[in-house]
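Biologist: I would like to learn how to read a protein model. Could we go through one together, feature by feature?

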Amino acid sequence: PAIYGCGACVRPEGATADGIDVRFTRGADGGLYAIVLGTPETSVVELLDLELPASSTVELLGHSTPLTWTPSGGAVRVELPGRPAPAPALTLRIQDR
C-alpha cells in the first residue's frame with residue numbers, strides 16, 4: 001500500500017486530464033484516497049476514468065471543508081479551494097456517505 005495501514009485498490013493508478021499521474025489507495029476509514037503526483041495548473045482537477053456515487057464527498061487533505069465535484073463524461077471534476085502551491089503531491093479523500 002502507498003500509505004501505512006491502507007489497503008490496495010482494484011485500480012491502483014490513473015491520471016488527471018492534465019496528464020498528472022494519480023495513485024489510488026483505500027484507507028482504514030474506508031475512504032478512497034487519490035494522490036495526485038504533481039501540482040495542477042489550475043484550481044480544477046479532473047480525475048479520468050473515475051465515477052462516483054452522487055452521495056460521495058471529496059476533501060482535500062489539510063482543508064476542513066468538502067470540495068465541490070461534478071461528474072464529467074466518465075471522469076470526476078473537482079474544484080480545489082484555489083490553485084495549489086507547487087508541491088510533490090496533493091491528496092483527495094473520497095467517501096461515499
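Modeller: Start with one pair of residues. Tyr33 stands opposite Arg93 in β8. Keep in mind that this is a predicted model.

Biologist: Which strands does that pair belong to, and how many bridges join them?

Modeller: First the general idea. Strands of a sheet pair through backbone hydrogen bonds, in a parallel or an antiparallel way. Here β3 and β8 run antiparallel, and five bridges join them. Tyr33 facing Arg93 in β8 is one such pairing.

Biologist: What does β3 pair with besides β8?

Modeller: Look at the sheet order, β1-β2-β3-β8-β5. It is an open sheet of five strands with antiparallel pairing. So β3 sits between β2 and β8 in that order. β2 and β3 are joined by five bridges and run antiparallel. Two residue pairs show it: Arg23 has Ile35 as its bridge partner in β3, and Arg26 stands opposite Leu32 in β3.

Biologist: Which strands stand at the edges of this sheet?

Modeller: β1 (13-15) and β5 do. Each has a single partner strand, so one side of each lacks a neighbour in the sheet. Neighbouring strands are turned by 25° against each other on average, direction ignored.

Biologist: How does the chain get from β2 to β3?

Modeller: Through a hairpin, with five residues between the two strands. Gly30 in that turn has a positive phi of about 90°.

Biologist: Where do the side chains of β3 point?

Modeller: In a regular strand, side chains alternate between the two faces of the sheet. In β3, Leu32, Ala34 and Val36 point one way. Tyr33 and Ile35 point the other way. All are buried. With five of its five residues buried, β3 is largely enclosed by the rest of the structure.

Biologist: And β5: is it mostly covered or exposed?

Modeller: Mostly covered, as five of its five residues are buried. Ser56, Val58 and Leu60 point one way, and Thr57 and Glu59 the other. β5 runs antiparallel to β8, with five bridges between them. In that pairing Glu59 stands opposite Arg93 in β8.

Biologist: Arg93 again! What does its side chain do with Glu59?

Modeller: The two form a salt bridge, with the closest N and O atoms 2.6 Å apart. Arg93 lies in strand β8 and Glu59 in strand β5, so the pair ties together parts that are 34 residues apart in sequence. Glu59 counts as buried because its relative accessibility is 15%, under the 20% limit. Arg93, at 22%, counts as partly exposed.

Biologist: How many salt bridges are there in total?

Modeller: The count comes to two. In the other case, the side chains of Asp29 and Arg93 meet at 3.9 Å, N to O. This pair links distant parts of the chain: Asp29 is in the loop between β2 and β3, and Arg93 is in strand β8, 64 residues away. Asp29 is partly exposed, at 42% relative accessibility. Asp29, Glu59 and Arg93 are thus linked in a network of salt bridges.

Biologist: Now the nonpolar core. Which members touch the most others?

Modeller: In soluble globular proteins, nonpolar side chains tend to be buried together. The largest nonpolar core here has 20 residues. Leu47, Leu50, Val58, Val78, Leu80, Leu92 and Ile94 touch the most other members. Strands β2 (21-26), β3 (32-36), β4 (44-47), β5 (56-60), β7 (76-79) and β8 (90-96) each supply at least two residues.

Biologist: Where is Leu50 found, and what does it touch?

Modeller: Leu50 is in the loop between β4 and β5. It counts as buried, at 9% relative accessibility. Beyond its neighbours within four places in sequence, Leu50 contacts Arg11, Phe24, Leu32, Gly74, Ala75, Val76 and Ile94. The C-alpha atoms of Leu50 and Ala75 are separated by 4.9 Å, although the residues are 25 apart along the chain.

Biologist: In what order do β4, β6 and β7 pair?

Modeller: They form an open sheet in the order β4-β7-β6, with antiparallel pairing. β4 and β6 (68-71) stand at the edges, each with a single partner strand, so one side of each has no neighbour in the sheet. Neighbouring strands here are turned by 20° on average, direction ignored. Four bridges pair β6 with β7, and Pro71 stands opposite Val76 in β7.

Methods
Residues are numbered from 1 along each chain as its sequence is written. This is a predicted model: local features need pLDDT of at least 70, side-chain atom pairs count only at pLDDT 80 or more; totals for chains, interfaces and linings use all residues. Side-chain values use heavy atoms; hydrogens and water are left out. A nonpolar core is a set of buried Ala, Val, Leu, Ile, Met, Phe, Trp, Tyr and Cys residues joined through side-chain atoms within 4.5 Å. Buried means under 20% relative accessible area, exposed over 50%, partly exposed in between (1.4 Å probe, protein chains only). Two strands pair if DSSP finds at least two bridges between them. Axes are lines fitted to C-alpha atoms, for helices over the stretch in contact, and angles run from 0 to 180 degrees between N-to-C directions. Contact means heavy atoms within 4.5 Å. A salt bridge is a side-chain nitrogen of Lys or Arg within 4 Å of a carboxyl oxygen of Asp or Glu.
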